[in-house]
Amino acid sequence: MDDTADIDIEILKECTLCPRVCRVDRTRYIGMCTAGRLPKLSNIVLHKGEEPPLSKGMGASAVFFSGCQMKCIYCQNMGFSQRGVGFEITVEELACAFLKAQRGSASTLDLVSPTPYLPWIIKALDMSRKCGFNLPVVYNTSSYERVDTLRKIEGYMDIYLADIRYTDNQMGMKYSKVPDYWDIAQKAVHEMYRQVGPFDEERMKGLIVRILVLPNNVSGHEKALEFVANLDKDIPISLMSQYIPHFGAKEDEMINRKITKDEYESALDKLIALDLDGWMQLDEKEKITTFGVDWRCSESDIQKLVTEEIEERERSFNG
Ligand code: SF4
(Lines give C-alpha, C1' and ligand atoms only; values in the text may rest on other atoms or scores of the structure.)
Protein backbone atom coordinates (compact mmCIF):
# COMPACT_ATOMS: atom_id res chain seq x y z
CA MET A 1 0.00 0.00 0.00
CA ASP A 2 1.19 3.52 -0.81
CA ASP A 3 1.04 5.34 2.51
CA THR A 4 2.06 8.70 1.14
CA ALA A 5 -1.15 9.80 -0.55
CA ASP A 6 -0.77 13.32 -1.81
CA ILE A 7 -4.01 14.57 -0.34
CA ASP A 8 -3.90 17.01 2.49
CA ILE A 9 -6.46 18.66 4.76
CA GLU A 10 -5.16 21.98 3.31
CA ILE A 11 -7.17 21.27 0.16
CA LEU A 12 -10.31 22.12 2.15
CA LYS A 13 -9.39 25.81 2.19
CA GLU A 14 -10.19 25.89 -1.53
CA CYS A 15 -11.85 22.58 -2.21
CA THR A 16 -11.29 20.95 -5.61
CA LEU A 17 -11.84 17.35 -4.59
CA CYS A 18 -14.69 16.62 -7.01
CA PRO A 19 -15.58 17.78 -10.55
CA ARG A 20 -17.75 20.57 -9.12
CA VAL A 21 -14.43 22.30 -8.27
CA CYS A 22 -16.42 24.82 -6.23
CA ARG A 23 -13.26 26.09 -4.44
CA VAL A 24 -15.20 26.87 -1.30
CA ASP A 25 -13.27 27.39 1.94
CA ARG A 26 -14.70 24.46 3.88
CA THR A 27 -13.08 25.55 7.12
CA ARG A 28 -15.75 28.31 7.09
CA TYR A 29 -18.55 27.27 4.74
CA ILE A 30 -20.10 24.16 3.26
CA GLY A 31 -19.51 23.17 -0.36
CA MET A 32 -22.07 22.39 -3.05
CA CYS A 33 -21.95 18.81 -1.77
CA THR A 34 -22.96 20.09 1.75
CA ALA A 35 -19.63 18.88 3.22
CA GLY A 36 -17.87 21.16 5.69
CA ARG A 37 -14.84 21.09 7.94
CA LEU A 38 -15.15 17.63 9.54
CA PRO A 39 -16.14 14.16 8.34
CA LYS A 40 -19.90 13.80 8.59
CA LEU A 41 -21.71 10.48 8.65
CA SER A 42 -25.27 9.37 8.44
CA ASN A 43 -24.62 5.87 9.75
CA ILE A 44 -22.48 2.75 9.63
CA VAL A 45 -24.33 -0.51 9.08
CA LEU A 46 -23.64 -4.09 8.15
CA HIS A 47 -24.97 -4.38 4.62
CA LYS A 48 -25.76 -7.80 3.16
CA GLY A 49 -27.21 -6.40 -0.06
CA GLU A 50 -24.01 -5.31 -1.81
CA GLU A 51 -22.61 -7.47 -4.60
CA PRO A 52 -22.13 -11.04 -3.23
CA PRO A 53 -18.31 -11.08 -2.90
CA LEU A 54 -18.39 -7.75 -1.07
CA SER A 55 -20.95 -8.72 1.54
CA LYS A 56 -20.11 -12.29 2.47
CA GLY A 57 -20.53 -13.51 6.05
CA MET A 58 -21.69 -10.67 8.27
CA GLY A 59 -21.84 -8.30 5.30
CA ALA A 60 -20.03 -5.18 4.15
CA SER A 61 -19.48 -2.49 6.74
CA ALA A 62 -21.13 0.36 4.85
CA VAL A 63 -20.12 3.86 5.94
CA PHE A 64 -22.73 6.31 4.68
CA PHE A 65 -21.16 9.74 4.42
CA SER A 66 -23.33 12.83 4.48
CA GLY A 67 -23.23 14.94 1.32
CA CYS A 68 -22.70 14.14 -2.34
CA GLN A 69 -21.44 15.89 -5.46
CA MET A 70 -24.44 14.56 -7.43
CA LYS A 71 -27.97 15.86 -6.90
CA CYS A 72 -30.08 12.98 -8.21
CA ILE A 73 -33.76 13.90 -8.06
CA TYR A 74 -34.65 10.27 -7.26
CA CYS A 75 -31.99 9.67 -4.58
CA GLN A 76 -33.27 7.25 -1.96
CA ASN A 77 -30.79 8.73 0.54
CA MET A 78 -31.95 12.33 0.04
CA GLY A 79 -31.87 13.15 3.78
CA PHE A 80 -28.16 12.69 4.20
CA SER A 81 -26.94 12.91 0.60
CA GLN A 82 -28.44 16.33 -0.17
CA ARG A 83 -30.05 17.77 2.96
CA GLY A 84 -27.07 17.59 5.29
CA VAL A 85 -28.49 15.09 7.80
CA GLY A 86 -25.72 13.42 9.81
CA PHE A 87 -23.22 14.11 12.53
CA GLU A 88 -19.61 15.17 12.55
CA ILE A 89 -16.90 12.92 13.90
CA THR A 90 -13.15 13.18 14.38
CA VAL A 91 -10.58 11.34 12.33
CA GLU A 92 -9.71 9.21 15.40
CA GLU A 93 -13.33 8.14 15.76
CA LEU A 94 -13.42 7.29 12.08
CA ALA A 95 -10.25 5.17 12.37
CA CYS A 96 -11.69 3.46 15.41
CA ALA A 97 -14.94 2.72 13.55
CA PHE A 98 -12.93 1.06 10.77
CA LEU A 99 -11.25 -1.17 13.34
CA LYS A 100 -14.57 -2.00 14.95
CA ALA A 101 -15.95 -3.04 11.57
CA GLN A 102 -13.12 -5.54 11.28
CA ARG A 103 -13.62 -6.84 14.81
CA GLY A 104 -17.32 -7.24 14.00
CA SER A 105 -16.37 -9.61 11.15
CA ALA A 106 -17.41 -7.38 8.27
CA SER A 107 -16.09 -8.71 4.96
CA THR A 108 -15.23 -5.31 3.48
CA LEU A 109 -15.15 -1.64 4.43
CA ASP A 110 -17.63 -0.04 2.04
CA LEU A 111 -17.11 3.73 1.79
CA VAL A 112 -20.30 5.15 0.27
CA SER A 113 -19.86 8.51 -1.55
CA PRO A 114 -16.57 9.25 0.25
CA THR A 115 -15.07 11.88 -2.07
CA PRO A 116 -15.70 15.09 -0.06
CA TYR A 117 -14.02 13.48 2.97
CA LEU A 118 -10.99 11.85 1.38
CA PRO A 119 -8.29 13.71 3.35
CA TRP A 120 -9.70 12.37 6.63
CA ILE A 121 -10.47 8.93 5.24
CA ILE A 122 -6.88 8.50 4.11
CA LYS A 123 -5.64 9.65 7.52
CA ALA A 124 -8.08 7.31 9.28
CA LEU A 125 -6.97 4.39 7.09
CA ASP A 126 -3.34 5.12 7.93
CA MET A 127 -4.14 5.22 11.64
CA SER A 128 -6.25 2.09 11.67
CA ARG A 129 -3.77 0.10 9.57
CA LYS A 130 -1.09 0.77 12.18
CA CYS A 131 -3.41 -1.01 14.60
CA GLY A 132 -3.98 -4.02 12.36
CA PHE A 133 -6.83 -2.97 10.07
CA ASN A 134 -6.67 -5.03 6.88
CA LEU A 135 -10.17 -5.30 5.40
CA PRO A 136 -10.49 -4.74 1.65
CA VAL A 137 -11.57 -1.13 1.16
CA VAL A 138 -14.39 -0.41 -1.31
CA TYR A 139 -14.75 2.99 -2.95
CA ASN A 140 -18.47 3.14 -3.69
CA THR A 141 -18.95 5.94 -6.19
CA SER A 142 -21.24 7.58 -8.73
CA SER A 143 -18.12 7.86 -10.95
CA TYR A 144 -18.56 11.63 -10.99
CA GLU A 145 -14.94 11.93 -9.90
CA ARG A 146 -11.86 13.93 -10.83
CA VAL A 147 -9.01 11.85 -12.25
CA ASP A 148 -6.57 14.08 -10.33
CA THR A 149 -8.22 13.16 -7.04
CA LEU A 150 -8.35 9.46 -7.89
CA ARG A 151 -4.62 9.54 -8.67
CA LYS A 152 -3.94 11.05 -5.27
CA ILE A 153 -5.48 8.07 -3.49
CA GLU A 154 -3.93 5.38 -5.68
CA GLY A 155 -2.97 2.38 -3.58
CA TYR A 156 -5.54 3.01 -0.84
CA MET A 157 -8.65 1.54 -2.46
CA ASP A 158 -8.80 -2.18 -3.17
CA ILE A 159 -12.13 -2.21 -4.96
CA TYR A 160 -13.82 0.47 -7.02
CA LEU A 161 -17.58 -0.07 -7.09
CA ALA A 162 -18.40 2.41 -9.82
CA ASP A 163 -21.84 3.39 -11.06
CA ILE A 164 -22.51 4.37 -14.62
CA ARG A 165 -25.66 6.44 -14.17
CA TYR A 166 -26.10 7.94 -17.65
CA THR A 167 -24.34 7.92 -21.00
CA ASP A 168 -25.64 11.32 -22.03
CA ASN A 169 -24.62 14.61 -20.42
CA GLN A 170 -28.12 16.03 -20.87
CA MET A 171 -29.61 13.22 -18.79
CA GLY A 172 -27.01 13.87 -16.10
CA MET A 173 -28.00 17.53 -16.05
CA LYS A 174 -31.72 16.84 -15.98
CA TYR A 175 -31.71 14.13 -13.33
CA SER A 176 -28.55 14.74 -11.25
CA LYS A 177 -27.80 18.45 -11.83
CA VAL A 178 -24.31 17.90 -13.21
CA PRO A 179 -23.52 19.30 -16.67
CA ASP A 180 -20.88 16.83 -17.81
CA TYR A 181 -21.62 13.44 -16.22
CA TRP A 182 -20.74 11.16 -19.12
CA ASP A 183 -17.59 13.08 -20.11
CA ILE A 184 -16.34 12.89 -16.52
CA ALA A 185 -17.46 9.35 -15.72
CA GLN A 186 -15.74 7.78 -18.73
CA LYS A 187 -12.40 9.24 -17.68
CA ALA A 188 -12.95 8.29 -14.04
CA VAL A 189 -13.81 4.67 -14.88
CA HIS A 190 -10.71 4.43 -17.09
CA GLU A 191 -8.57 5.72 -14.22
CA MET A 192 -10.10 3.32 -11.68
CA TYR A 193 -9.50 0.45 -14.11
CA ARG A 194 -5.91 1.56 -14.65
CA GLN A 195 -5.31 1.42 -10.91
CA VAL A 196 -6.87 -1.93 -10.03
CA GLY A 197 -7.87 -3.84 -13.21
CA PRO A 198 -11.04 -5.96 -13.35
CA PHE A 199 -12.43 -7.28 -10.06
CA ASP A 200 -10.93 -10.59 -8.97
CA GLU A 201 -12.55 -12.31 -6.01
CA GLU A 202 -9.42 -14.19 -5.01
CA ARG A 203 -7.41 -11.00 -4.68
CA MET A 204 -10.45 -9.02 -3.47
CA LYS A 205 -9.28 -6.26 -5.71
CA GLY A 206 -10.46 -4.56 -8.87
CA LEU A 207 -13.21 -2.64 -10.61
CA ILE A 208 -16.91 -3.55 -10.61
CA VAL A 209 -19.32 -1.45 -12.69
CA ARG A 210 -22.86 -0.94 -11.44
CA ILE A 211 -25.68 0.00 -13.75
CA LEU A 212 -29.07 0.97 -12.35
CA VAL A 213 -31.52 0.45 -15.20
CA LEU A 214 -33.84 3.47 -15.38
CA PRO A 215 -37.20 3.57 -17.19
CA ASN A 216 -37.34 4.63 -20.84
CA ASN A 217 -33.61 3.98 -21.20
CA VAL A 218 -32.78 7.21 -19.35
CA SER A 219 -29.67 5.44 -18.03
CA GLY A 220 -28.46 4.67 -21.58
CA HIS A 221 -27.54 1.25 -20.23
CA GLU A 222 -26.82 -0.32 -23.63
CA LYS A 223 -24.17 2.30 -24.35
CA ALA A 224 -22.81 1.84 -20.81
CA LEU A 225 -22.47 -1.90 -21.36
CA GLU A 226 -20.72 -1.32 -24.71
CA PHE A 227 -18.34 1.09 -23.00
CA VAL A 228 -17.40 -1.54 -20.40
CA ALA A 229 -17.08 -4.30 -23.01
CA ASN A 230 -14.66 -2.11 -24.98
CA LEU A 231 -12.63 -1.45 -21.85
CA ASP A 232 -12.37 -5.06 -20.62
CA LYS A 233 -14.92 -7.85 -20.79
CA ASP A 234 -13.59 -9.24 -17.51
CA ILE A 235 -14.99 -6.27 -15.57
CA PRO A 236 -18.04 -7.66 -13.73
CA ILE A 237 -21.32 -5.81 -14.13
CA SER A 238 -23.85 -5.41 -11.38
CA LEU A 239 -27.11 -4.89 -13.27
CA MET A 240 -29.63 -3.37 -10.91
CA SER A 241 -33.40 -3.42 -11.32
CA GLN A 242 -34.47 -1.85 -8.04
CA TYR A 243 -35.11 1.72 -9.17
CA ILE A 244 -37.98 3.38 -7.29
CA PRO A 245 -39.25 6.87 -8.26
CA HIS A 246 -38.60 8.85 -5.07
CA PHE A 247 -38.94 12.61 -4.54
CA GLY A 248 -38.75 14.74 -7.75
CA ALA A 249 -38.86 11.64 -9.93
CA LYS A 250 -42.55 11.20 -9.11
CA GLU A 251 -43.27 14.33 -11.17
CA ASP A 252 -41.19 13.37 -14.20
CA GLU A 253 -42.99 11.54 -16.97
CA MET A 254 -39.87 9.62 -18.06
CA ILE A 255 -38.89 8.19 -14.68
CA ASN A 256 -42.07 8.29 -12.57
CA ARG A 257 -42.42 4.51 -12.53
CA LYS A 258 -40.43 1.38 -11.78
CA ILE A 259 -38.84 -0.41 -14.72
CA THR A 260 -40.74 -3.14 -16.51
CA LYS A 261 -39.67 -6.77 -16.75
CA ASP A 262 -39.07 -6.23 -20.49
CA GLU A 263 -36.79 -3.27 -19.85
CA TYR A 264 -34.65 -5.26 -17.44
CA GLU A 265 -34.55 -8.34 -19.66
CA SER A 266 -33.52 -6.29 -22.65
CA ALA A 267 -30.60 -4.87 -20.62
CA LEU A 268 -29.70 -8.40 -19.54
CA ASP A 269 -29.84 -9.65 -23.15
CA LYS A 270 -27.44 -6.89 -24.15
CA LEU A 271 -25.06 -7.83 -21.32
CA ILE A 272 -25.07 -11.46 -22.46
CA ALA A 273 -24.71 -10.53 -26.14
CA LEU A 274 -21.60 -8.52 -25.28
CA ASP A 275 -20.17 -11.54 -23.44
CA LEU A 276 -20.10 -9.67 -20.15
CA ASP A 277 -20.71 -11.26 -16.77
CA GLY A 278 -21.61 -10.21 -13.24
CA TRP A 279 -24.64 -10.15 -10.98
CA MET A 280 -28.32 -9.45 -11.37
CA GLN A 281 -29.54 -7.22 -8.56
CA LEU A 282 -33.27 -7.74 -8.35
CA ASP A 283 -35.83 -5.88 -6.27
CA GLU A 284 -34.60 -6.06 -2.68
CA LYS A 285 -37.40 -4.22 -0.96
CA GLU A 286 -38.87 -7.35 0.55
CA LYS A 287 -35.58 -8.35 2.16
CA ILE A 288 -33.87 -6.87 5.17
CA THR A 289 -30.37 -6.19 3.94
CA THR A 290 -28.95 -3.73 6.46
CA PHE A 291 -28.34 -4.21 10.15
CA GLY A 292 -27.50 -1.52 12.62
CA VAL A 293 -24.28 -1.97 14.57
CA ASP A 294 -22.74 -0.14 17.47
CA TRP A 295 -19.68 1.29 15.75
CA ARG A 296 -18.93 4.01 18.27
CA CYS A 297 -15.67 3.67 20.16
CA SER A 298 -14.83 4.15 23.79
CA GLU A 299 -12.39 6.79 24.99
CA SER A 300 -9.86 4.07 25.76
CA ASP A 301 -10.10 2.64 22.21
CA ILE A 302 -9.43 6.06 20.77
CA GLN A 303 -6.61 6.72 23.23
CA LYS A 304 -4.95 3.48 22.11
CA LEU A 305 -5.04 4.66 18.51
CA VAL A 306 -3.61 8.05 19.37
CA THR A 307 -0.82 6.46 21.45
CA GLU A 308 0.06 4.17 18.55
CA GLU A 309 0.19 7.17 16.22
CA ILE A 310 2.47 9.12 18.57
CA GLU A 311 4.79 6.13 19.02
CA GLU A 312 4.97 5.66 15.26
CA ARG A 313 5.92 9.31 14.79
CA GLU A 314 8.59 9.03 17.48
CA ARG A 315 9.99 5.89 15.89
CA SER A 316 10.29 7.58 12.49
CA PHE A 317 11.74 10.74 14.11
CA ASN A 318 14.42 8.73 15.90
CA GLY A 319 15.29 6.93 12.70
S1 SF4 B 1 -16.14 17.97 -2.72
FE2 SF4 B 1 -17.80 19.42 -2.20
S3 SF4 B 1 -16.75 21.29 -1.58
FE4 SF4 B 1 -15.27 20.02 -2.69
S5 SF4 B 1 -15.33 20.69 -4.82
FE6 SF4 B 1 -16.78 19.01 -4.61
S7 SF4 B 1 -18.75 19.99 -4.15
FE8 SF4 B 1 -17.16 21.50 -3.77
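In what sense do S7 and strand S8 (residues 237-240) pair, and over how many bridges? The two strands pair in the parallel sense, over four bridges. Keep in mind throughout that this is a predicted model.

**Stop 1: strand S7**

Select residues 206-212, which form strand S7. Seven of its seven residues are buried. Now look at the two sides of the strand. In a regular strand the side chains alternate between the two faces of the sheet. On one side of S7 sit Gly206, Ile208, Arg210 and Leu212, all buried. On the other side are Leu207, Val209 and Ile211, and these are buried as well. Both faces of the strand are therefore covered.

Next, click on Val209. Its bridge partner in S8 is Ile237. Then add strand S6, residues 159-163. S6 and S7 run parallel and are joined by five bridges. Here Ala162 stands opposite Val209.

**Stop 2: the core and helix H2**

Keep Val209 selected and add Val213 and Phe98. These three have the most contacts inside the largest nonpolar core, which has 97 residues.

Center on Phe98. Setting aside neighbours within four places in sequence, Phe98 is in contact with Leu109, Ala124, Leu125, Ser128 and Phe133.

Phe98 is also one of the buried residues of helix H2. Select residues 91-103 to show H2. Its other buried residues include Val91, Leu94, Ala95, Cys96 and Ala97. Continue along the helix to Leu99, Lys100 and Ala101, also buried. Note the lysine in that list: Lys100 is a buried residue of H2.

Does the length of H2 agree or disagree with the expected span? At 1.5 Å a residue, its 13 residues should span 18 Å. The end C-alpha atoms are 19 Å apart, which agrees. Step past the helix to Ser105, which follows H2 and has a positive phi, near 65 degrees.

**Stop 3: strand S1 and its partners**

Select residues 40-47, strand S1. Six of its eight residues are buried, so S1 is largely enclosed by the rest of the structure. Show its partners in turn:

- Strand S2, residues 60-65, is joined to S1 by six bridges and runs antiparallel to it. Ile44 has Val63 as its bridge partner in S2.
- Strand S3, residues 87-88, pairs with S1 in the antiparallel sense over two bridges. Leu41 stands opposite Phe87 there.
- Strand S10, residues 290-292, is joined to S1 by three bridges, again antiparallel. Look for His47 opposite Thr290.

**Stop 4: Gly248**

Move to the loop between S8 and helix H8 (261-273), where Gly248 is found. Is Gly248 buried, exposed or partly exposed? Count the surroundings: 16 other C-beta atoms lie within 10 Å, so Gly248 is partly exposed.

Which residues does Gly248 touch, leaving aside its neighbours within four places in sequence? Select Ile73 and Tyr74; Gly248 is in contact with both. Then draw a distance to Cys75. The C-alpha atoms of Gly248 and Cys75 are separated by 9.0 Å, although the two residues are 173 apart along the chain.

**Stop 5: the ligand**

Finish at the ligand. There are 16 residues around it. Select Cys15, Cys18, Cys22, Gly31 and Cys33, which come nearest. Then color the shell by residue class. Ten of its residues are nonpolar, four are polar and two are charged.

Technical notes. Residues are numbered from 1 along each chain as its sequence is written. This is a predicted model: local features need pLDDT of at least 70, side-chain atom pairs count only at pLDDT 80 or more; totals for chains, interfaces and linings use all residues. A residue is near a molecule or strand if its C-beta atom, placed from the backbone, lies within 6 Å of it. Ala, Val, Leu, Ile, Met, Phe, Trp, Tyr, Cys and Pro count as nonpolar, Asp, Glu, Lys and Arg as charged, and the others, Gly among them, as polar. The expected span of a helix is 1.5 Å times one less than its number of residues. A residue is buried if 20 or more other C-beta atoms lie within 10 Å of its own, exposed if 12 or fewer, and partly exposed in between; C-beta atoms are placed from the backbone. A nonpolar core is a set of buried Ala, Val, Leu, Ile, Met, Phe, Trp, Tyr and Cys residues joined through C-beta atoms within 7 Å. Two residues are in contact if their C-beta atoms, placed from the backbone, lie within 7 Å. Two strands pair if DSSP finds at least two bridges between them.
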